[in-house]
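Reader: I should like a close look at a single part of this model, with enough of its surroundings to place it. Please take one helix and describe how it is built, what surrounds it and how it ends.

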Amino acid sequence: MNSKQIFEIEARHTSGLYTKQPIIFVRGQGALLFDIDNVEYLDCASGHGVANLGHAHPMVAAALAEQATKLVTLFETFYNDQRAALMEKMCALVPGLERVFFCNSGTEAVEAAIKFARISTGRPGIVATMRAFHGRTMGSLSATYNKKYREGFEPLVPGYCHVPYNNIEALEKAISAETAAFIVEAVQGEGGVYIADPAYIQAARRICDEHGALLIIDEVQSGFGRTGKWFAVQHSGVTPDLLCCAKSLAGGVPMGAVLIGPAVKNLTPGVHGSTFGGNPLACAAGVAALTAIEAERLPAQAAEKGAYLMQKLRQIDSPLIREVRGIGLMVGIELKQKVQPYLKTLQDRHILALNAGLTVIRLLPPLVITYEQIDHLLEVLTEVFSSEASASTQAE
Ligand SMILES: Cc1ncc(COP(=O)(O)O)c(C=O)c1O
């Protein structure tokens, strides 16, 4: 199939749900993506934070190839070596959370955690935060804040409310004897790259305990080393009752999971489930991915590289930049104007980045990005944000 045919077929058959960019990617390697003409792009989006290990990681590729010849699918009613290995590895990452539910995406992980909180406590209330993004299925969408995602889908699930992020007083008021759970991102990604104050997460733990509510931490985007620790919540020393993860868990293979603590009750056979959840193929990829993240010290690398990147970003002298914030390799550059034209300019310079709301450029590069690649990124960003360049971008 040539490029013209690919564009035509996708344009004809796409659901219409995505803003398409006119580039055909066919291959990746580490932090690089290659288009159909073998043109190289630096991937600072990682498929929305999936490719922590980079693209085409040899350990994940080998595990997939081997497992595909053995057993791809097996319902969780039966035992399996790869699933057992992954369960053990995952539960070792967060001492205190000794059970795990496997599913296939971030929204499914959040959906499951909310159901677990309700069945466990027998209460309806879910307290979430303003600017939160937890996914797009009805239960997780009801916890998502931005009306852009919610409008047109009402009535959403009843029993939800939203409180300002990082505001302990508002949380004290919102959580009651009717609350099943407080759900919060340890770092808000889509919402603009805002980091939870460790004192806020510690207070959330205390307030939930005082009212018999559960604490759900959503690490779908911030998990698996991205913020400098395995999970961002670990910066606060708090152990949640339910920890949702997905994205980079299986090195890019679709997989989600909820880690479950001892306070979560009533998870009995048939209460919840997933056909594909915990299938041996995804589990084999998960085992390989976690082994590689550990062997390559990617959490520590993310901390070091993120500190370097942010320090240099803060040195860029541009009247356009309002603030640089982030943790590890989860970085936001807040501009004084809309970011879309700048993302397009970066893409034209073969750098892929994301927005987070209207005015924040979000960088989520693979944690294996090299310092040389970070320097290249900084060079391009400096050029793009220099006064002259930004004047011409604005004029477009
Ligand atoms: C914090 C958070 N939770 C949940 C989700 C939903 O994940 P998925 O798109 O895999 O359903 C996302 C996706 O970006 C996310 O960032």
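**Helix α9 and its setting**

Author: In this predicted model, α9 is followed by G212, a residue whose phi is positive, near 70°. The helix that precedes G212 covers residues 198–211. With 14 residues at 1.5 Å a residue, α9 should span 20 Å, and its end C-alpha atoms are indeed 20 Å apart, so the expected and the computed spans agree.

Next comes the side of the helix that is covered. The buried residues in α9 are Y200, I201, A203, A204, R205, I207 and C208. An α-helix has 3.6 residues a turn, so residues three or four places apart point the same way. The partners of the buried residues of α9 include two elements of the strand class, β5 (125–129) and β6 (160–163). The same buried residues also pack against α8 (168–174), β7 (179–185) and β10 (214–218).

One of these partners, β10, leads on to a further site. The loop between β10 and β11 (242–245) holds T227. T227 has a relative accessible area of 2%, and because this falls under the 20% limit, the residue counts as buried. Apart from its neighbours within four places in sequence, T227 is in contact with V187, S222, A232, H235, I327, G328 and M330.

A second loop site may be set beside this one. H55 is placed in the loop between α2 (46–49) and α3 (58–68). Its relative accessibility is 19%, which is under 20%, and therefore H55 also counts as buried. Neighbours within four places in sequence aside, the contacts of H55 are G28, Q29, G30, L32, L33 and D43.

The chain as a whole gives the wider setting. Its secondary structure comprises 14 helices and 17 strands. A compact globule of 396 residues would have a radius of gyration near 21 Å; the chain has 21 Å, so it agrees with that expectation. The C-alpha trace spans about 60 × 55 × 45 Å along its principal axes. Of the 396 residues, 53% are buried. Contacts between residues at least 6 apart in sequence join residues at least 24 apart in 70% of cases.

As for the surface, the accessible area of the chain is about 17600 Å², and carbon and sulfur atoms account for 56% of this. The chain carries 34 positive and 39 negative side chains, and the centres of these two sets lie 4 Å apart.

How values were computed: Residues numbered from 1 in each chain as written. Predicted model: local features only at pLDDT ≥ 70, side-chain atom pairs only at ≥ 80, totals over all residues. Heavy atoms only, no water. Helix = DSSP H or I, 4+ residues; strand = E, 2+ residues; numbered from the N terminus. Rg over C-alpha atoms; globule rule 2.2 N^0.38 Å. Buried < 20%, exposed > 50% of the residue type's maximum accessible area, 1.4 Å probe, protein only. Contact = heavy atoms within 4.5 Å. Areas by Shrake-Rupley, 256 points an atom, 1.4 Å probe, with all protein chains shown as cover. Lys, Arg positive; Asp, Glu negative; His and termini not counted. Charge placed at Lys NZ, Arg CZ, Asp CG, Glu CD. Expected span 1.5 Å × (residues − 1).
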